[in-house]
Amino acid sequence: MGRVYNFSAGPAVLPEEVLKEAAAEMLDYKGTGMSVMEMSHRSPEFQQIIDEAEQDLRDLMKIPDNYKVLFLQGGASQQFAMIPMNLMKNRVADYIVTGQWAKKAYQEAQKYGKVNKIASSEDKTFSYIPDCSDLPVSPDADYVYICENNTIYGTKFKQLPNTKGKTLVADVSSCFLSEPVDVSKYGIIYGGVQKNIGPAGMVIVIIREDLITEDVLPGTPTMLTYKTHADAGSLYNTPNSYCIYICGKVFKWLKAMGGLEEMKRRNEEKAKILYDFLDQSSLFKGTVEPASRSLMNVPFVTGDKDLDAKFVKEAKAAGLVNLKGHRTVGGMRASIYNAMPKEGVEALVAFMKKFEEENA
């Protein structure tokens, strides 16, 4: 069948050039006579891989010098506990709940202190981002938490919340490196890499140095203390070395493409093709309020469960795969990450037009 257009929410599409490079180096990485998978994480060759990956990420995001970049395991979900364990000095935190992952993070944090839900969009199935310009931020809150792009519901913060001077912590798993970002506005900006950057099995945490301390909650495991990993350059224990290697290749690919400004331009162009079609379609409807739409994840429905299932099945046969929506939303979802070419979105829209004509 050859390569398909893969609209999966994660693990997701990777740039073909990166996959080809990795394939070419699979048996012999740069004359070492072995794969990166087989290489000691203590070797000079691997040290160069992780150093270059970090530097390229710093260049892409213009990460200030007073932030550490950590390559960690446990996915974004492990951060739901690690963040309060390390940051909840007053045992108080404020959460803005705009989707399932923000909700899970909010629930997990409750194990460690008083957690206030200061805004939510659950009243309308998370189909919008609430106004966060003047929220009841707790005077003693250790941080304010958001999930910046909601993979399942297809919403994105276009403006960061006014945290009234409190540290902002953001999960950017599904919009990581999709557009330029001012890292200095965040205390922690983190994300699982399996959506927009690399293979599954790693989370990247970008954390301001003053938040890395030994003063963590009693009982916090060594492995869940940011200082452990910051002090060891993400090599305290064996890291997900192959994932770091692939992410490093993706960073180089992004640089070659023209960086995050160019990715934003491309992502806006791709999303517009799909949203413009949804807005005039008589069969398909987008589920998100236009002002809150994500560039990365686009959920849509026909309003008929049987027709939705038929669409997903026929799309797959046409080489457009992983379009089934999350069970909490139903319908369809197209994840159109950085590595999804414009041709993939155009092929999807062409198929949707044909489906609409056949099923009107």
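**Close-up views of a predicted model**

**View 1. The second largest pocket.** The second largest pocket has a volume of about 290 Å³. The model shown here and in every view below is predicted. Lining this pocket are 19 residues. Glu148, Glu179, Pro180, Val181 and Tyr186 are the ones that lie nearest its centre. By class, the lining of the second largest pocket splits into 11 nonpolar, two polar and six charged residues.

**View 2. Leucine 177 and its backbone.** Leucine 177 is not a glycine, yet its phi is positive, at about 65°. The residue sits in the loop between β8 (168-171) and β9 (188-192). Both β8 and β9 belong to the seven-stranded sheet of View 3.

**View 3. The seven-stranded sheet.** Seven strands make up this open sheet. Their order is β2-β10-β9-β8-β5-β3-β4, and the pairing is mixed. Which strands stand at the edges? They are β2 (67-72) and β4 (114-120). Each has a single partner strand, so one side of each is left without a neighbour in the sheet. On average, neighbouring strands of this sheet are turned by 20° against each other, direction ignored.

**View 4. The β3-β4 pair.** At one end of the seven-strand order, β3 is followed by the edge strand β4. Strand β3 covers residues 92-97. Its pairing with β4 is parallel and runs over six bridges. Tyrosine 95 stands opposite lysine 117 in β4.

**View 5. Helix α2 on the sheet.** Helix α2 spans residues 44-61. The helix lies across three strands: β2, β9 and β10 (203-208). Its direction makes an angle of about 130° with β2. In the sheet order, these strands read β2-β10-β9.

**View 6. The three-stranded sheet.** A separate view shows an open sheet of three strands. The order is β11-β12-β14, with antiparallel pairing. Its edge strands, β11 (285-286) and β14 (332-335), each pair on one side only. Strand β12 covers residues 297-301. Four bridges link β12 with β14 in the antiparallel sense. Here valine 298 faces alanine 334 in β14, the two standing opposite each other.

**View 7. Packing of α7 against α9.** Two packed helices are described by the angle between their axes and the distance between the axes. Helix α7 (residues 259-280) and helix α9 (residues 342-358) pack at an angle of about 10°. Their axes are 9 Å apart. The angle makes α7 roughly parallel to α9. From α7, the contact draws on Glu269, Lys270, Ile273, Leu274, Phe277 and Leu278. From α9 come Lys342, Val345, Glu346, Leu348, Val349, Met352, Lys353 and Glu356. By class, the contact of α7 with α9 holds eight nonpolar and six charged residues, and no polar ones.

**View 8. The largest pocket.** How much volume does the largest pocket have? The value is about 370 Å³. The lining counts 22 residues. Nearest the pocket centre lie Asn338, Ala339, Met340, Pro341 and Glu343. Five elements, β1, α1, α6 (241-257), α7 and α9, each supply at least two lining residues. Helix α7 gives the largest share, five residues. By class, the lining of the largest pocket divides into 11 nonpolar, three polar and eight charged residues.

**View 9. The cavity.** The model has one cavity of 30 Å³ or more. About 70 Å³ of space lies in this largest cavity. Its lining consists of 14 residues. Val13, Leu14, Asn196, Ile197 and Ala339 lie nearest its centre. Ala339 is also among the residues that lie nearest the centre of the largest pocket. By class, the cavity lining has nine nonpolar, four polar and one charged residues.

**View 10. A cis peptide bond at proline 11.** The peptide bond between glycine 10 and proline 11 is cis. Its omega is about -10°. Where does proline 11 lie? Its place is in the loop between β1 (5-6) and α1 (16-24). Those two flanking elements, β1 and α1, each supply at least two residues of the lining of the largest pocket.

Conventions:
Residues numbered from 1 in each chain as written. Predicted model: local features only at pLDDT ≥ 70, side-chain atom pairs only at ≥ 80, totals over all residues. Heavy atoms only, no water. Axes fitted to C-alpha atoms, helices over the stretch in contact; angles between N-to-C directions. Parallel < 35°, antiparallel > 145°, perpendicular 65-115°, else oblique. Contact = heavy atoms within 4.5 Å. Nonpolar A, V, L, I, M, F, W, Y, C, P; charged D, E, K, R; others polar. Pairing = 2+ DSSP bridges. 1 Å grid on protein atoms, 1.4 Å probe; cavity = no way out; pocket = protein on both sides within 12 Å on 5 of 7 lines; lining within 4 Å. Points joined across faces, edges and corners; volume = space filled by probe spheres on them.
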